[in-house]
Amino acid sequence: MSDPAKFAIPVPSKDPASKKPDQTDKEEGTSKLEVKKDEEKDGDELSEEDLQLRSELEMLVERLKESDTELYRPALESLRTLIRTSTSSMTSVPKPLKFLRPHFPDLQTLYETWPASENKSQFADILSVLAMTYSDTQPRGTLKYRLLSASLKPVNAPLVDPGTWGHEYVRHLAAELGEEFEHREEQEGGTSTESETSKVEVPGTIEDLRSLAKECSLFLLSHNAEPDAVDLLQELEMIESIVTLVDENTFDRVCQYMTRCVSFLPPPDDIAFLQTVHKIYTQFQKFPEAITLAIRLGDRDMVRDDFNAAGNPVMKRQLAFILARAQIPIEWLQADSADGEEEEEFSSDLLECLSNTRLSTSFREFGKEMGVEEAKSLEDVYKTHLENTRASTSNVDSARGNLAGTFVNAFVNAGFGNDKLMVDVEAGSSWIYKNKDHGMMSAAASLGLSLLWDTDMGLTHIDKYTYSAEEYIKAGCYLAIGISNASIRTETDAALALLAEHVENKSVPLRTGAIMGLGMAYAGSQREEVMATLLPLIVDEDVSMEICSLAALALGFVFVGSENGEITGTILQVLMEKAERGDKELEGKWARFLSLGLGLLYLGQQNGSDATLETLKAIEKPISKTAQVIVEGCAFAGTTNVLRVQKMLHECDEHIVPPKEDEKKEGDKEKKEGDEKKDGEEKKEEPSKQDDAFQTFAVIAIALISMGEEIGSQMSMRQFNHLMHYGEPNIRKAVPLAIGLVNASNPQLPILETLSKYSHDNDLTVALNAIFAMGLVGAGSNNARLAQMLRQLAGYYHKEADCLFMVRIAQGLVHMGKGTVGVNPFFSDRSIMHKPAVAGLLAVLTAFTDAKGFILDKQHWMLYFLVNAMYPRFMITLDEELNNVPVAVRVGQAVDVVGQAGKPRTISGFQTHTTPVRLGTTERAELATEEFIPYAAVLEGFVILKKNPGWESEDSRMQL
């Protein structure tokens, strides 16, 4: 915040030319003799007008010193008029203030001798203005005399508005109000330090300060200084009162500035700001803006009130599109008491908007418009003829190659339902049979991705494979059912009906497929039925850690960010029981997903996770530390909370070495390292390896907390650089994943180059994660530079099967949905964090923290967790009957214009297209003409337009 005190101009009492070396500007009580001497010297330099003004001012000062009280009022009036009407250039100090400065100490003494009266109040008002020139030696003088003036006013006399003295005076007053309030807070808290500034006694109560702040804010708001007004009220901890001060001309700029401030405020100020902005928007009936803030706050009642407050049925549909994009449960919009009766209230078209069922057809039409309807083959993506490898060595591991092909085909043709390997093939020659065992599971599941969002056709295609004798194919089908239903809500509830019975199946793959299918189909829906189905699996002592963890993860998906007490209690209880029994499974690879399931329940809930963190501290097992880091990281996701980032960095600064080595002397350490490991293989090595897992998650937590806000993201990138240089291997392997998370679907050149460097790292786990991160950063962008980098990597790693597999998957991600689908978890102009998307991304990154144990082993199907984050990057314009209407729009890079004067352009380097259009992560759209008025505040996704009644086309104007 720009502090107005810094701009106060120090005013010398004499002109610089006449200064003597031993004189100072701050001499108080300058005697008349000296002033006369100065006059003789300065006489030559001052013009006649200035001399006349000075003599007039001095005469008025003399009048105030005389005993005749009749002269006081006219003298004060004249002084006031002279000071107010002195127009000088912006850069110089007004002449009257300059000439009256030497008399200020005398006037102060004189003021004390006057009895309380209306004249004295007016005198204090003038001294308040003159005190601006003495702000360096007498701090808060302006405020002191302002408050004295107010206290001396007769009861019924109106108080002089501070704005009448001009803008600079109000800014000065605002700065001093902030200082005084802070000083009083310190005094109350007992932390006050005795300095020059604290010696000044300012009259009045805190309430007086606040009412004066309101007056100043009103002046600032009416003079295009909205940020200054917000800052002043925030300093005096009374930001709620701005709701009554704004009008229809100022509210928009105030709200934009306050919303931008949220990222930089500590809790609970950030929540208070959002609630205040929400009040302002509802006051002016800006429902789309209000409902986005309600979603951001995750406040169920607020969402319902905003939705019901919109009387216009078309506006309701627009709000329904926004809610469907955020995957807000429909139950939120119904009153708590009578669930059954309320449901009839939603008309069929409103339910269609809320359930997101238009998504599939709209997406395919959008693909047709973009000219990418045709299915792409693997060769179209790989472009192997451009790779510089020798043909003989290119096919090292065909099963692994086919598995990679499965994923590439699924991601590239996602949502179009016409790929050549799975959908449009004869039953016998399906790609599924070109994979072995567990590979078949991913291949069958890829069918769901190809038919993404298409619930009707999806089930028909998937159904024929559910009768297969091969259990891996069946398991893949269950996953596919879940995937195809992701982020869509149907009345039939097919996913629950088909999958619930298989959750108790004896076969592990079938169980896994059913559990994760449910988790993905109902992500963010908070369905009680899913909880009833999956919760028993977490408690059941007979099930393996794998099933227990996946059930927790699936519930984390479904109840993401809900703080559900029942699930939290169950997971904590299981952790404690297993810890008491000394269960070895807590040190195994699956335990991290149990912790993640717990963390996801608190996603974005900030301090809501305190009780859970305290409980976790009581568990005396290595998993406890990991779980604490995950829960805390999730709780502050997207808040850019600096203190939490520092805490996570602090977790990374410990260099953990196996315990036995610690006891040895420094010299012996390196020699005996190999022997030590053999001695303590069973007892020591395992815990020490697990002990440092929390650091891996601490790195991801830094990314999680700082993403979604530009400055925070840039600062986190610098930290990742340091961690990469100085961190242990367990920290280094997480850095590329963290970079991928911060920049999902946002391929910027410096980031690509950093990841390209890491992808050639000596440590293959770092290289592997860096290759995946390249895919994540470029997801759905068709970035040509990135595609070229990946082709070079394919040549570089042509003999390294694991890395080549990962390069292929990254290539598939870059061309995701043929460039029409993204995985960035922020939408609505990057202001709302989409919780199910963050959950999906986190689950994939958690699998990559041990890539050898999950993705490169039998759990490669975990890559499908990305489905929760996948969403078309389109903007489709509809008329009020929800039919597509092509409109000219400008698409360009979004520019932050908050707090800037006037109406600057919000996008730069734009191109004009006809809708539907594709929007990049950092792009923004605006209508090219004023023919239509959008119902939505942000042009993204589905936007309903209405005809502008006052618009005239070019032709009609020409005729006129």
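These exercises walk you through sheets, charges and unusual backbone spots in the structure above.

You are working with a predicted model, in which local features need pLDDT of at least 70, side-chain atom pairs count only at pLDDT 80 or more, and totals for chains, interfaces and linings use all residues. Residues are numbered from 1 along each chain as its sequence is written, and side-chain values use heavy atoms, with hydrogens and water left out.

**Exercise 1. Work out the strand order of the open sheet that has 3 strands, and find its edge strands.**

Step 1: Start with the terms. Helices (H or I, at least four residues) and strands (E, at least two) are DSSP runs, numbered from the N terminus. Two strands pair if DSSP finds at least two bridges between them.

Step 2: Look at the pairs. Strand β6 (residues 888-894) is joined to β7 by 6 bridges in the antiparallel sense. β6 also pairs with β9, again antiparallel, over 5 bridges.

Step 3: Write the order, which is β7-β6-β9. The edge strands are β7 (907-914) and β9 (923-927), each pairing on one side only.

Step 4: Add the twist, which averages 30° from one strand to the next. Here axes are lines fitted to C-alpha atoms (for helices over the stretch in contact), and angles run from 0 to 180 degrees between N-to-C directions.

**Exercise 2. Find the residues that stand opposite valine 891 in β7 and β9.**

Step 1: On the β7 side, valine 891 faces glutamine 911.

Step 2: On the β9 side, valine 891 has alanine 925 opposite.

Step 3: For a further example, go to alanine 894, which stands opposite isoleucine 907 in β7.

A helpful reminder: strands of a sheet pair through backbone hydrogen bonds, either parallel or antiparallel.

**Exercise 3. Describe the open sheet of 4 strands.**

Step 1: Its order is β8-β5-β11-β10, and the pairing is mixed. The edges are β8 (917-918) and β10 (932-934), which each pair on one side only.

Step 2: Pick out a parallel pair: β5 (residues 874-878) and β11 (residues 941-947) are joined by 4 bridges.

Step 3: Name a bridge partner: leucine 878 is matched with isoleucine 944 in β11.

**Exercise 4. Count the salt bridges, then examine the one formed by lysine 65.**

Step 1: Apply the rule: a side-chain nitrogen of Lys or Arg lies within 4 Å of a carboxyl oxygen of Asp or Glu. The count comes to 33 salt bridges.

Step 2: Lysine 65 forms a salt bridge with aspartate 106, with the closest N and O atoms 3.8 Å apart.

Step 3: Place the partners. Lysine 65 is in helix α2 (residues 48-65) and aspartate 106 in helix α5 (residues 104-113), so the pair links distant parts of the chain, 41 residues apart.

**Exercise 5. Locate the cis peptide bonds before proline 268 and proline 916.**

Step 1: The bond from proline 267 to proline 268 is cis, with omega near 5°. Proline 268 sits in the loop between α12 (251-261) and α13 (269-283).

Step 2: The bond from threonine 915 to proline 916 is cis too, with omega near 0°. Proline 916 belongs to the loop between β7 and β8.

**Exercise 6. Say what is notable about phi at glutamine 327, and where this residue lies.**

Step 1: Glutamine 327 has a positive phi of about 55° although it is not a glycine.

Step 2: Glutamine 327 lies in the loop between α16 (313-325) and α17 (339-342).
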